[in-house]
Amino acid sequence: MTDLDQLTQSLARNLRRLRTERGFTLDALAARAGISRGMLIQIEQARTNPSVGTVVKVADALGVSLTGLLDPGREPAVRLVPSEQAVRLWSTEAGSHATLVAGTEAPGPLELWTWRLMPGDGSASDPHPGGTTELVHVTAGVLTLTVDGDDHEVPAGTSAAFRSNVPHGYRNDGDEPVEMTMAVSVPPAPR
């Protein structure tokens, strides 16, 4: 079984379990996530490799992190994540990428990411659930952070904190790669 097959199986298993635990029907979860019922069925049956955007919408609707939705097993008291187990969830041909380094579910989903944005590349994000907060720390280059239509330059050595329940995105308008670390905190979903 390939890594992608294992990831698809974990996603299917965790989605079924979490949907059932929260008492959501397929229709209810599809409406909450803003995706089709058919897509949810395909994901639960491990018959598709959904886009990152779709997986993020499902995780947000369930009130879990991407790690919680993709995790192959239950978390022990301390979970070490070697670099080879980090999950690259977004990349471009230019060499930009975002990697989910680690995550946890308590008290709500909390994710740690590393990003590399090549010159001219960017990534837009739909609004996350109300109360979601992101922290970004730029270690190289100058990030253009867009939050609700407003651009903010974040140079190397600088951090930014913002509520990400509005459209937001990350761009590299400079001539050198942008390297950054990002933490995303999502409040627990109402039960």
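**Close-ups: a Trp pair and its neighbours, and Asp-151**

**View 1. Trp-115, a buried ring.** Trp-115 counts as buried, since its relative accessibility comes to just 6%, and the cut-off for buried is under 20%. Bear in mind that this is a predicted model. Right alongside, the rings of Trp-113 and Trp-115 make a tilted pair, with centres 6.5 Å apart and planes at 45°. Trp-113 is buried as well, at 8% relative accessible area.

**View 2. Trp-90 meets Trp-115.** By the ring-pair rule, the count is three aromatic pairs. One of them joins Trp-90 and Trp-115: it's tilted, with 5.3 Å from centre to centre and 40° between the planes. This pair ties together distant parts of the chain, as Trp-90 sits in strand S1 (residues 87-91) and Trp-115 in strand S3 (residues 110-117), 25 residues apart.

**View 3. The ring cluster.** Zoom out a bit and ring pairs connect Trp-90, Trp-113, Trp-115 and Tyr-170 into a cluster.

**View 4. Asp-151 and its polar partners.** Now over to strand S7 (residues 150-155), home of Asp-151. Is Asp-151 buried or exposed? Neither, really: at 46% relative accessibility it counts as partly exposed, because that label covers the range between 20% and 50%. Skipping neighbours within four places in sequence, Asp-151 is in contact with Thr-144, Leu-145, Thr-146 and Arg-171. Its side chain makes a polar contact of 2.5 Å with the side chain of Thr-146, and another, at 3.1 Å, with the side chain of Arg-171.

**View 5. Asp-151 and Arg-163.** These two are twelve residues apart along the chain, and 14 Å separates the C-alpha atoms of Asp-151 and Arg-163.

Notes
Residues numbered from 1 in each chain as written. Predicted model: local features only at pLDDT ≥ 70, side-chain atom pairs only at ≥ 80, totals over all residues. Heavy atoms only, no water. Phe/Tyr/Trp six-rings, centres within 6.5 Å; stacked < 30°, edge-to-face > 60°. Helix = DSSP H or I, 4+ residues; strand = E, 2+ residues; numbered from the N terminus. Buried < 20%, exposed > 50% of the residue type's maximum accessible area, 1.4 Å probe, protein only. Contact = heavy atoms within 4.5 Å. Polar contact = N/O pair within 3.5 Å; in protein donor to acceptor, adjacent residues only side chain to side chain.
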